[in-house]
Amino acid sequence: MRKKLIAGNWKMNCSRSEALQLASAIIASASESSAELLICVPTIHLSDIAKLACNSHLKLGVQNAYWQKSGAYTGEISVSMLEDYQIEYLLVGHSERRELFGDTNDEVARKFSAALECGITPVLCIGESLQQREQGITLEVLKEQCQSVIDLVGIKAFNKACLAYEPIWAIGTGQTATPEQAQEVHQSLREFFAQLDKDVAQGLQILYGGSMNAANAEALLAQPDIDGGLIGGASLKPDDFLKIYSLAG
Ligand code: PEP
């Protein structure tokens, strides 16, 4: 039986005091549940938030890191540097990283692999654009995004990873995939993984992301192949985020 994972992606939001306030509000009201609760915070706030989150139910992750361990990579933070903090998750391949910062399938795979090497669970984000959906190539695009990771680390690596299906047209737009649309894709993705390894597919948490909020989460989370949510905007509103968490438990 797969647990549900409710993951917040704060993106590039929150001053230091706002971040501490938001994290404190989440920690104070997050009661124990059968679901897991995660926030992926701006890396600069990690140390402060880690102090607040120790001994709580809240898990921590970050939104990006570089796959090389160290060296002349000005401005980057390596995955291995994050080992010293309490982070359990790393987002890799978010569409904003792919579109705005040029993260390629190959780089995403390397980041995924670096996270595993450091004992951090990678959350592989995949998604199609509106144009690709209209062209009828959604699954092709998603499988290609997964395949480059599988080619580098092997299918068994997904025993220690999560997948997040995030249609690009639904991210930050208020336009959510319907529960049926999302379920159809999640089921196809699970079938794709099952062709390679049935046990891995059965255990794989596949999150939905794209304008999930307190009003639409219940129907999405009720779908058999939707194992949680990756939530941007609504994760910055503690009441909404915690409502989604309570719906998942
Ligand atoms: C995201 O950032 O992954 C996301 C799904 O954002 P939003 O919930 O705002 O659409």
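**Pockets, ligand shell and a salt bridge**

Visitor: Into how many nonpolar, polar and charged residues does the lining of the second largest pocket divide?

Guide: In this predicted model, the lining of the second largest pocket divides into three classes. Its charged residues number 4 and its nonpolar residues 5. The remaining class, polar, has 8.

Visitor: Which element supplies the largest share of the lining of the second largest pocket?

Guide: The second largest pocket has a volume of about 220 Å³ and is lined by 17 residues, with Arg98, Gly127, Gln132, Val141 and Gln145 nearest its centre. At least two lining residues come from each of H3, strand S5 (121-126) and helix H6 (138-153). The largest share, 4 residues, comes from H6.

Visitor: Which helix gives the largest share of the lining of the largest pocket?

Guide: The largest pocket has a volume of about 570 Å³. Among its 18 lining residues, Met12, Gln63, Asn64, Arg97 and Phe101 are the closest to the centre. By class, this lining comprises 8 nonpolar, 6 polar and 4 charged residues. Its largest share, 4 residues, is provided by residues 95-101, that is, by helix H3.

Visitor: How many polar residues are in the shell around the ligand?

Guide: The ligand is surrounded by 14 residues, the closest being Lys11, Glu166, Gly172, Ser211 and Gly232. Of the shell, 2 residues are charged and 4 are nonpolar. The number of polar residues is 8.

Visitor: What percentage of the area that the ligand exposes when taken alone does the protein bury?

Guide: Several polar atoms of the protein approach oxygen atoms of the ligand: a side-chain atom of Asn9 at 3.1 Å, a side-chain N or O atom of Lys11 at 2.8 Å, and a backbone N or O atom of Gly172 at 2.6 Å. Taken alone, the ligand exposes 290 Å². The share of this area that the protein buries is 95%.

Visitor: Where in the chain do Asp227 and Arg2 lie, and how many residues apart are they?

Guide: Side chains of opposite charge can pair when their charged atoms come close. Asp227 and Arg2 form a salt bridge, with 2.9 Å between the closest N and O atoms. The pair links distant parts of the chain: Asp227 is in the loop between helix H9 (217-221) and strand S8 (228-231), and Arg2 is in the segment before strand S1 (5-9). Their separation along the chain is 225 residues.

Visitor: How many salt bridges does a search of the whole structure find?

Guide: The pair formed by Asp227 and Arg2 is a salt bridge. For the whole structure, the search gives a total of 12.

How values were computed:
Residues numbered from 1 in each chain as written. Predicted model: local features only at pLDDT ≥ 70, side-chain atom pairs only at ≥ 80, totals over all residues. Heavy atoms only, no water. 1 Å grid on protein atoms, 1.4 Å probe; cavity = no way out; pocket = protein on both sides within 12 Å on 5 of 7 lines; lining within 4 Å. Points joined across faces, edges and corners; volume = space filled by probe spheres on them. Nonpolar A, V, L, I, M, F, W, Y, C, P; charged D, E, K, R; others polar. Near = heavy atom within 4 Å. Polar contact = N/O pair within 3.5 Å; in protein donor to acceptor, adjacent residues only side chain to side chain. Areas by Shrake-Rupley, 256 points an atom, 1.4 Å probe, with all protein chains shown as cover. Salt bridge = Lys/Arg side-chain N within 4 Å of Asp/Glu carboxyl O.
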